[in-house]
Amino acid sequence: MVLKEIYITRHGFREDWVNPNPPLPTHLPNDPPLSKLGRSQAKELANFLKHKSIDRIYSSPFYRVLETVYPLVKECNMPLYIDNSMAEWVGLAHGRYLPSAPLPELKQLFPKLDIEHHTSSIPLPEEAETVHDCHLRVKRGLDKLIDSLDSEEDPESPHTILLAGHAASVICAVRALLNNAQFFVKCGTCSLTHLVRNPDLTWTLVSNGDCQHLSQGEQRSWMFSGDVPDYEVK
């Protein structure tokens, strides 16, 4: 079965945006959890998506993204996998890539995470990335992931997936699917972008960063501004 539909979301509102000393479930300072608002957004996202016939979720390995999609996973018993195509971008301003927690540790924190039946399309970056690097990394990963899904012969192969990531990886994912590196992508926290596939296997945008499912509307939208990662933009 050929993949037909993709939803893309960004993680919810982060605890470190409202608390200078957030709890760190993975003990990594670059890996904060969601705030109270972010957890509320995640529940609203789940409530909106639970009837959208999503077959699988492919998520960034960072805690806040997994926490964002986990209410949907629990309510719908939906398969959840890690794919590093949606991982965080760390710009050159930081100097080095800040990795996520190891998969076994994430499995302990999110028991429904499946770390056995999918190997990420690409590894995590080993070094900080330019904006251009990030675009190439996300496109390379998504091309491999979609090719792999298209080639599945199982009757339960996915028709619709959810990609979950960060502002930068969401922007790059939408641009990669539309084959337009300049396309303006709206990406507030827990926003949703929706694309459907055409007969020629190109993608058409249905909605761009929609936030109508969120009671408090668009929050903390972001766009690239040089090689500066989102957690350093004040």
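In the predicted model, Gly95 sits in the loop that joins β3 to α3. Gly95 is exposed, because its relative accessibility of 59% exceeds the 50% cut-off. Gly95 and Leu106 are separated by eleven residues in sequence. In space, their C-alpha atoms lie 25 Å apart.

Helix α2 spans residues 63-76. The 14 residues of α2 reach 20 Å from the first C-alpha to the last. This span is close to the 20 Å expected at 1.5 Å a residue. α2 nevertheless carries a kink of about 40° at Val69. The kink falls shortly before the proline Pro71. Most of the helix is covered, with ten of the 14 residues of α2 buried. Tyr63, Arg64, Val65, Leu66 and Glu67 belong to this buried set. Thr68, Val69, Tyr70, Leu72 and Val73 are buried as well. Val69 is thus both a buried residue and the site of the kink. The buried residues of α2 pack against strands β1 (5-10), β2, β3 (80-82) and β4 (160-165). They also pack against helices α1 and α3 (103-109). Just after α2, Asn77 adopts a positive phi of about 50°.

Positive phi values also occur at Ser53 and Arg220. Ser53 has a phi of about 55°, although it is not a glycine. Ser53 lies in the loop between α1 (36-49) and β2 (56-59). With a relative accessible area of 53%, Ser53 is exposed. Arg220, likewise a residue other than glycine, has a phi near 55°. Arg220 is placed in the segment after β6 (203-210). Arg220 counts as partly exposed, because its relative accessibility of 35% falls between the 20% and 50% cut-offs.

Helix α4 has 20 residues. From first C-alpha to last, α4 reaches 28 Å, close to the 28 Å expected at 1.5 Å a residue. Buried residues of α4 include Cys134, His135, Arg137, Val138 and Gly141. Leu142, Leu145, Ile146, Leu149 and Asp150 are also buried. The cover over these residues includes strands β1, β2, β4, β5 (192-197) and β6. Helix α5 is also part of that cover.

Arg175 lies in α5. Arg175 is buried, because its relative accessible area of 10% is under the 20% cut-off. Leaving aside residues up to four places away in sequence, Arg175 touches His135, one of the buried residues of α4. Other contacts of Arg175 are with Asn180, Ala181, Gln182, Phe183 and Val185. Met223 and Phe224 are touched by Arg175 too.

Helices α4 and α5 also contribute to a pocket. The second largest pocket has a volume of about 210 Å³. The elements giving two or more residues to its lining are α4 (131-150) and α5 (167-178). The largest share of the lining, five residues, comes from α4. In total, 13 residues line the second largest pocket. Those nearest its centre are Asp143, Ala176, Leu177, Leu201 and Trp203. By residue class, the lining divides into seven nonpolar, two polar and four charged residues.

Conventions. Residues are numbered from 1 along each chain as its sequence is written. This is a predicted model: local features need pLDDT of at least 70, side-chain atom pairs count only at pLDDT 80 or more; totals for chains, interfaces and linings use all residues. Side-chain values use heavy atoms; hydrogens and water are left out. On a 1 Å grid over the protein atoms alone, a cavity is a set of points where a 1.4 Å probe fits but cannot get out, and a pocket is an open set with protein on both sides within 12 Å along at least five of seven lines; lining residues have an atom within 4 Å of a point. Grid points are joined across faces, edges and corners, and a volume is the space filled by probe spheres set on the points. Helices (H or I, at least four residues) and strands (E, at least two) are DSSP runs, numbered from the N terminus. Ala, Val, Leu, Ile, Met, Phe, Trp, Tyr, Cys and Pro count as nonpolar, Asp, Glu, Lys and Arg as charged, and the others, Gly among them, as polar. Buried means under 20% relative accessible area, exposed over 50%, partly exposed in between (1.4 Å probe, protein chains only). The expected span of a helix is 1.5 Å times one less than its number of residues. The bend at a residue is the angle between axes fitted to the seven residues ending there and the seven starting there. Contact means heavy atoms within 4.5 Å.
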